[in-house]
Amino acid sequence: MENVIIHGFAPSTYTRSARMAAIEKGIAHELVSVAYGKPEHLALHPFGKMPAMTVGDTTIFETLAIMSELDDRSGNPTLFGSTPRQKADILALVSVAVDYAYRPLVHIEVTDNVPDPDQLAAADRVIDWLEARLGSQPFLAGDDLTAADLFFAPMLAYHAKQIGEDRTYEKRPGLRRWMDDLGKRASFKETA
């Protein structure tokens, strides 16, 4: 297989999601830091975000596209389900992560160990929805790990680090169990 390079910063939740996908799919990759905002970065991602991935002469940007490429490059298990309905559900979850969860979970302001109350309320709304969505199933879309889990887990881990695990998971036993289980996976450990 051609050399897979993921361009980004290790602490970036989206970079971590892409790397987790590569590991889950058994695809060796190299993480290369980007010169943020510099022309070489913009050549990889025209909007100056991360990550981007190069495979040979091909450059792919945006985490969802990167995960899709990785998923197609390696066999089972699939990150996007095996039926049209599963794929639609997983893509809806990923859209929620990108459009509604990222900012409240990752960009929360904490001053003197106190999170901004309005931002915390927005984050709690997302986290409570995730708890209800997860229920007693092992993963967000059912019995198997999917792209949805790989998008949400780094965001939630970052959030818990910012405001505390006890605060994040109190009264949310499903999410605590889910994060504990994900924390045992090689993809989560190797990208921490």
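A residue counts as buried here when its relative accessible area is under 20%. By that yardstick, and bearing in mind that this is a predicted model, strand β1 is covered on both faces. Val4 and Ile6 are buried on one side, and Ile5 and His7 are buried on the other.

β1 also has partners along its edges. With β3 the pairing is antiparallel and runs over four bridges; here His7 stands opposite Ala52. With β2 (residues 30–32) the pairing is parallel, over three bridges, and this time His7 has Val32 as its bridge partner. Add α1 to β1 and β2 and the result is a right-handed β-α-β unit.

Next comes the inside of the model. In soluble globular proteins, nonpolar side chains tend to be buried together. The largest nonpolar core in this model has 47 residues, and Leu105 and Trp178 are the ones that touch the most other members. At least two residues apiece come from β1 (4–7), α1 (13–24), β3 (52–55), α3 (63–73), α4 (84–106), α5 (117–134), α6 (147–163) and α8 (173–183). The top contributor is α6, which puts in nine residues. As for Leu105, once its neighbours within four places in sequence are set aside, it is in contact with Ala123, Val126, Ile127, Met155, Leu156, Tyr158 and His159.

Then there are the aromatic rings, which form three pairs in this structure. One of them joins Phe9 and Tyr36 in a tilted arrangement, with 6.4 Å centre to centre and 40° between the planes. Phe9 sits in the loop between β1 and α1, and Tyr36 in the loop between β2 and α2 (39–44), so this pair ties together parts that are 27 residues apart in sequence. Phe9 counts as partly exposed because its relative accessibility is 29%, while Tyr36, at 51%, counts as exposed.

Tyr14 and Tyr102 make up another pair, this one stacked, at 4.8 Å centre to centre and 20° between the planes. Since Tyr14 belongs to helix α1 and Tyr102 to helix α4, the pair ties together parts that are 88 residues apart in sequence. Tyr14 has a relative accessible area of 15%, so it is buried. Ring pairs also bring in Phe151, giving a cluster of Tyr14, Tyr102 and Phe151.

One more ring is worth a look: the charged end of Arg16 sits over the ring of Phe188, 4.0 Å from its centre.

Definitions and conventions. Residues numbered from 1 in each chain as written. Predicted model: local features only at pLDDT ≥ 70, side-chain atom pairs only at ≥ 80, totals over all residues. Heavy atoms only, no water. Core = buried A, V, L, I, M, F, W, Y, C linked by side-chain atoms within 4.5 Å. Buried < 20%, exposed > 50% of the residue type's maximum accessible area, 1.4 Å probe, protein only. Contact = heavy atoms within 4.5 Å. Pairing = 2+ DSSP bridges. Right-handed = clockwise from strand over helix to strand, strands pointing away. Phe/Tyr/Trp six-rings, centres within 6.5 Å; stacked < 30°, edge-to-face > 60°. Lys NZ or Arg CZ within 6 Å of the ring centre and 35° of its normal.
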